Structures are given as structure tokens and as C-alpha cells.
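Colleague: Please take a close look at one part of this model and explain it step by step. I would like to know how that part is put together and what lies against it.

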Amino acid sequence: MTAEAAKELDELCFLSAQSLPSLKVLKHFQVLKLLGEGSYGKVMLALHRKRGTPMALKFFPRKSTSLTSFLREYNLSLAYCTHPSLTKALGIFFSTPSYYVFAQQACLYGDLYSVVVSEVSLKPRISGFFCCCLKNPYSQ
């Protein structure tokens, strides 16, 4: 990351830290199922209660995630994940007593690995390689 990009990211984090709301998840979202989990936390498929919009809510435990780390992840997703093949942050971020949370587009049709395996006949050795590279985007 260039010094200029790092400075811009720091500024985004500073500004977003000033407007981090505290919400009750179940008041604003209908949580449907677990999409994935890893060392960072977990991702849940949810519907926005007012709009009915499906989204992936990415939960970062406050015990093991600093506010700075969370805001960097959120702002990187929001500002720099602009490729059509990447899930985008939706501009929704908040905290609960236990988690920092932000919303991303939900991958409703599965991950790339499942599409490649079902659509293309791969040799087991090659598919094993792709399994490592193309796992569910929420399981990283």
C-alpha cells in the first residue's frame, strides 16, 4: 500500500470511528443462517427488516478485534473492493456489546469453487488445488 493510500485509509477510519452506532442486531435484521466462520469471527446471512435486502453480516468479536483493525477492514472493503468479482461492503457498520459488525453483499448463489466443480470436470489433483484457492469467501 502506498503512503498516500495508507493516509487516505487512516482518514476514513478516523471519520468512521466518529459515527459508529450501537445497534441491536435482531431489531434491524432477521438472521437466517451461518455462512462461514474463521479466526476473524463469523458471517451470517441476514435480511434487513425494513427493506428485505439480503446481506452478509460480518461479526468481529470485540474481545479479540481492536476498533482500529475493524475499521481498517470495513473501510478497505468499502473503498477498495470495487472489482465486480469481489463482495462489496454496503456502507452499514455498527457495534453491539460483543461484536463489531459490517454488512457485505451476500453471495446467494454459492462460491466460485462450487460453480467450477459442478460446471467443469476437473481432475482430483487440480480440484484440490482450487479448493484451497476458491473456498467460500466468508471462510477466510
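Modeller: Val 31 has Ala 46 in E2 as its bridge partner. A second such pair is Glu 37 with Lys 42 of E2. Strand E1 covers residues 29-38, and E2 covers 41-48. Helices (H or I, at least four residues) and strands (E, at least two) are DSSP runs, numbered from the N terminus. Residues are numbered from 1 along each chain as its sequence is written, and this is a predicted model, in which local features need pLDDT of at least 70, side-chain atom pairs count only at pLDDT 80 or more, and totals for chains, interfaces and linings use all residues. Side-chain values use heavy atoms, with hydrogens and water left out.

Between E1 and E2 there are 8 bridges, and the pairing is antiparallel; two strands count as paired if DSSP finds at least two bridges between them. The connection from E1 to E2 is a hairpin of 2 residues.

Lys 33 also belongs to E1. Which residues does Lys 33 contact, leaving aside its neighbours within four places in sequence? They are Val 43, Met 44 and Leu 45, where contact means heavy atoms within 4.5 Å. The C-alpha atoms of Lys 33 and Val 43 are 8.8 Å apart, with the two positions 10 residues apart in sequence numbering. Lys 33 has a relative accessibility of 47%, so it counts as partly exposed. The classes are buried (under 20% relative accessible area), exposed (over 50%) and partly exposed in between, with a 1.4 Å probe and protein chains only. In a regular strand the side chains alternate between the two faces of the sheet.

Now the whole sheet. It is open, has 5 strands in the order E1-E2-E3-E5-E4, and its pairing is antiparallel. E1 and E4 stand at the edges with a single partner strand each, so one side of each has no neighbour in the sheet. From one strand to the next, the twist averages 25 degrees. Helix H3 packs on this sheet and touches E3, E4 and E5. The direction of H3 makes about 165 degrees with that of E4; the axes behind such angles are lines fitted to C-alpha atoms, for helices over the stretch in contact, and the angles run from 0 to 180 degrees between N-to-C directions.

H3 runs over residues 67-80. Its 14 residues reach 19 Å from the first C-alpha to the last, close to the 20 Å expected at 1.5 Å a residue; the expected span is 1.5 Å times one less than the number of residues. The buried residues of H3 include Phe 70, Leu 71, Tyr 74, Asn 75 and Ser 77. Viewed down the helix axis, the buried residues of H3 fall within an arc of 160 degrees, so they line one face. That arc is taken from the directions from the helix axis to the C-beta atoms. Among the elements that cover the buried residues of H3 are helix H1, E3, E4 and E5.

H1 (3-17) can be read in the same way. Its 15 residues should span 21 Å at 1.5 Å a residue, and the end C-alpha atoms are 21 Å apart, which agrees. In H1, Ala 5, Leu 9, Cys 13 and Ser 16 are buried. These residues cover an arc of only 75 degrees around the axis, which puts them on the same side of H1. On the other side, Ala 3, Glu 4, Lys 7 and Phe 14 are exposed. The cover over the buried residues of H1 includes H3 and E4.

Two loops remain. Thr 96 sits in the loop between E4 and E5. Is Thr 96 buried or exposed? With a relative accessible area of 9%, Thr 96 is buried. Not counting residues up to four places away in sequence, Thr 96 touches Leu 23, Val 25, Arg 62 and Val 101. Lys 63 lies in the loop between E3 and H3. At a relative accessible area of 87%, Lys 63 is exposed. An unreviewed UniProt entry includes Lys 63 in a "binding site" annotation; UniProt positions follow the numbering used here, feature names are shortened, and annotations may be inferred rather than shown by experiment.

For the chain as a whole, there are 5 helices and 5 strands. From the N terminus on, they run α-α-β-β-β-α-β-β-α-α. Buried residues make up 31% of the 140 residues.
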